[in-house]
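Work through the exercises below with the sequence and model open. Try each task before reading its solution.

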Amino acid sequence: MIHLFERNGALWARAYHDHALRSDEDLKTVARYIIGNPVRAGLVERVGDYSFWDAVWA
């Protein structure tokens, strides 16, 4: 098993929630929520401390 962030076990929960963005949702609000996930999960104290906070997926 790969050890990331000095943690043991699974990185993602077995169950997850996803949905397609609706046209009335604000993209910036949703993006900020997603970017904040490592902080809420206790992986880092600040968003900028997370290695992939500014990753671009093509």
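Helices (H or I, at least four residues) and strands (E, at least two) are DSSP runs, numbered from the N terminus. This is a predicted model: local features need pLDDT of at least 70, side-chain atom pairs count only at pLDDT 80 or more, and totals for chains, interfaces and linings use all residues. Residues are numbered from 1 along each chain as its sequence is written, and side-chain values use heavy atoms, with hydrogens and water left out.

**Exercise 1. Describe the protein as a whole.**

Step 1. Count the elements. The protein has two helices and zero strands.

Step 2. Check burial. Buried means under 20% relative accessible area, exposed over 50%, and partly exposed in between (1.4 Å probe, protein chains only). Of the 58 residues in the protein, 9% are buried.

Step 3. Take the surface. Accessible areas come from the Shrake-Rupley method with a 1.4 Å probe; for residues, only the protein chains shown count as cover. The accessible surface is about 5,800 Å². Carbon and sulfur atoms hold 57% of that surface.

**Exercise 2. Place Asp26 and find its side-chain partner.**

Step 1. Asp26 lies in the segment before α1, which spans 27-35.

Step 2. Asp26 counts as partly exposed because its relative accessible area is 44%.

Step 3. Look for a polar contact (a pair of N or O atoms within 3.5 Å; within protein, one must be able to donate a hydrogen and the other to accept it, and residues adjacent in sequence count only if both atoms are side-chain atoms). The side chains of Asp26 and Thr29 make one at 2.7 Å.

**Exercise 3. Work out the surroundings of Arg40.**

Step 1. Arg40 belongs to helix α2, residues 37-40. Its relative accessible area is 48%, so Arg40 is partly exposed.

Step 2. List contacts (heavy atoms within 4.5 Å). Leaving out residues up to four places away in sequence, Arg40 touches Tyr33 and Ile34.

Step 3. Test for a charge over a ring (NZ of Lys or CZ of Arg within 6 Å of the ring centre and within 35 degrees of the ring normal). Arg40 sits over the face of Tyr33, 4.0 Å from the ring centre.

Step 4. Add the polar partners. A polar atom of the Arg40 side chain lies 2.4 Å from the backbone oxygen of Tyr33. The side chains of Arg40 and Asn37 also make a polar contact, at 2.5 Å.

**Exercise 4. Which side chains form the salt bridge?**

Step 1. Apply the rule: a side-chain nitrogen of Lys or Arg within 4 Å of a carboxyl oxygen of Asp or Glu. The structure holds one such pair.

Step 2. Arg46 and Asp49 form it, at 2.9 Å from N to O.

Step 3. Locate Arg46. Arg46 is in the segment after α2. Its C-alpha atom is 8.6 Å from that of Gly36, ten residues away along the chain.

Step 4. Compare exposure. Arg46 is exposed because its relative accessibility is 54%. Asp49 is partly exposed, at 39%.

**Exercise 5. Classify the aromatic pair.**

Step 1. Rings of Phe, Tyr and Trp (its six-membered ring) pair if their centres lie within 6.5 Å; planes under 30 degrees apart are stacked, over 60 edge-to-face, and the rest tilted.

Step 2. The structure holds one aromatic pair. The ring centres of Tyr50 and Phe52 are 5.9 Å apart and their planes stand at 75 degrees, so the pair is edge-to-face.

Step 3. Tyr50 is buried, because its relative accessibility is 14%.
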